[in-house]
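Subject: Structure for you to look at

Dear colleague,

I am handing over the structure we talked about, and I would ask you to keep it open while you read what follows. My notes come after it.

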There are 2 protein chains.
Amino acid sequence: MGATKTEHFTDHQNEMATMAKALGHPARIAILEYLMTVDTCICGDIVNELPLAQPTVSQHLKELKNAGLIKGNIEGNAICYCIDHTTIDHMINYFSNMTSKIKTKSCC
Amino acid sequence: MGATKTEHFTDHQNEMATMAKALGHPARIAILEYLMTVDTCICGDIVNELPLAQPTVSQHLKELKNAGLIKGNIEGNAICYCIDHTTIDHMINYFSNMTSKIKTKSCC
DNA sequence: AATTTTTATCGTAATATTGCAATTAAGTAA
DNA sequence: TTACTTAATTGCAATATTACGATAAAAATT
């Protein structure tokens, strides 16, 4: 035991959980916010923006990439990172539509 | 090592990461979706809705509560759960505002 | 009072995450 | 070719998460 029982939940629930999990670390929130603020893809210097060692940042970038939230492109010996609009929009829509889906009256 | 270095990030980044982390499991996505669909607070039967044992569900509910996403009220020998609109709205707004903050052009 | 119902907590095993030093890989520059 | 730069990978220790059986706590029912 110890592993998440993904097979018992819908694809959509697993997909949203995967994206939320990827953002479930302040460093990865910081990376995403940084990628959002720059007006072009950024090559490299994410490491200098974060208070973490290079291997640690590399690992966080990998997780964001695995979750589909960012993309990485090889450019010479550097790598150009940017937001993956398709997946991010998918996640944003999920949360944006939440308000209209909440039918619960506050009773607690 | 192994613990998240929260002290290096802003309060807001940590707060968003905490909420995202709480939703980073399909069972907790499922719980939240269930609480959203019912038009009143639900007493108990969340366990019957999920393919997980009662202690496991109780643990997931605790994490959602710790993240501030849901509230629980004692009602006799049962507990009435419902969405915490204040925090959920906070999270929803964060993601809703993302679209306008993304200045990056797709270049990858 | 004894039983049942409902939910939380404890204890524990399996697995996953976080962080980084050391190293590797792969391109660039000298 | 020999450095230098940039980023990924490996290996490992510390910590956290996931899951559930067993048990406890607390109110309701009999």
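To begin with the sheet, which residue in β3(A) is the bridge partner of A:Ile42? The partner is A:Tyr81. Please bear in mind throughout that this is a predicted model.

That pair belongs to a wider pattern, since β1(A) is joined by 2 bridges to strand β3 of chain A, residues 78-83, and these strands run antiparallel. The sheet as a whole is open and consists of 3 strands in the order β1-β3-β2 of chain A, with antiparallel pairing. Its edge strands, each pairing on one side only, are β1 (42-43) and β2 (70-75) of chain A.

If you then follow chain A as a whole, you will find 6 helices and 3 strands, and, read from the N terminus, these elements come in the order α-α-β-α-α-β-β-α-α. Helix α4 of chain A, residues 54-66, is a good place to check a simple expectation: at 1.5 Å a residue its 13 residues should span 18 Å, and because its end C-alpha atoms are in fact 18 Å apart, the two values agree. Just after α4(A), A:Gly68 takes a positive phi of about 85°.

As for overall form, the C-alpha trace of chain A spans about 55 × 40 × 25 Å along its principal axes. The radius of gyration of chain A is 16 Å, whereas a compact globule of 108 residues would have one near 13 Å. Of the 108 residues in chain A, 31% are buried. When we consider the contacts in chain A between residues at least 6 apart in sequence, 51% of them join residues that are at least 24 apart.

Finally, there is the contact between the two chains, to which chain A brings 46 residues and chain B brings 45 residues. On the side of chain A that touches chain B, the elements giving two or more residues are α1 (11-22), α2 (26-37), β2, β3, α5 (85-96) and α6 (98-101) of chain A. Which of these elements gives the most to that side? It is α2(A), with 7 residues. Sorted by class, the side of chain A that touches chain B holds 24 nonpolar, 15 polar and 7 charged residues.

With best wishes

How values were computed. Residues are numbered from 1 along each chain as its sequence is written. Chains are lettered from A and ligands numbered from 1 in the order in which they are written. This is a predicted model: local features need pLDDT of at least 70, side-chain atom pairs count only at pLDDT 80 or more; totals for chains, interfaces and linings use all residues. Two strands pair if DSSP finds at least two bridges between them. Helices (H or I, at least four residues) and strands (E, at least two) are DSSP runs, numbered from the N terminus. Two residues are in contact if their C-beta atoms, placed from the backbone, lie within 7 Å. Ala, Val, Leu, Ile, Met, Phe, Trp, Tyr, Cys and Pro count as nonpolar, Asp, Glu, Lys and Arg as charged, and the others, Gly among them, as polar. The expected span of a helix is 1.5 Å times one less than its number of residues. The radius of gyration is taken over C-alpha atoms; the globule rule is 2.2 Å times the number of residues to the power 0.38. A residue is buried if 20 or more other C-beta atoms lie within 10 Å of its own, exposed if 12 or fewer, and partly exposed in between; C-beta atoms are placed from the backbone.
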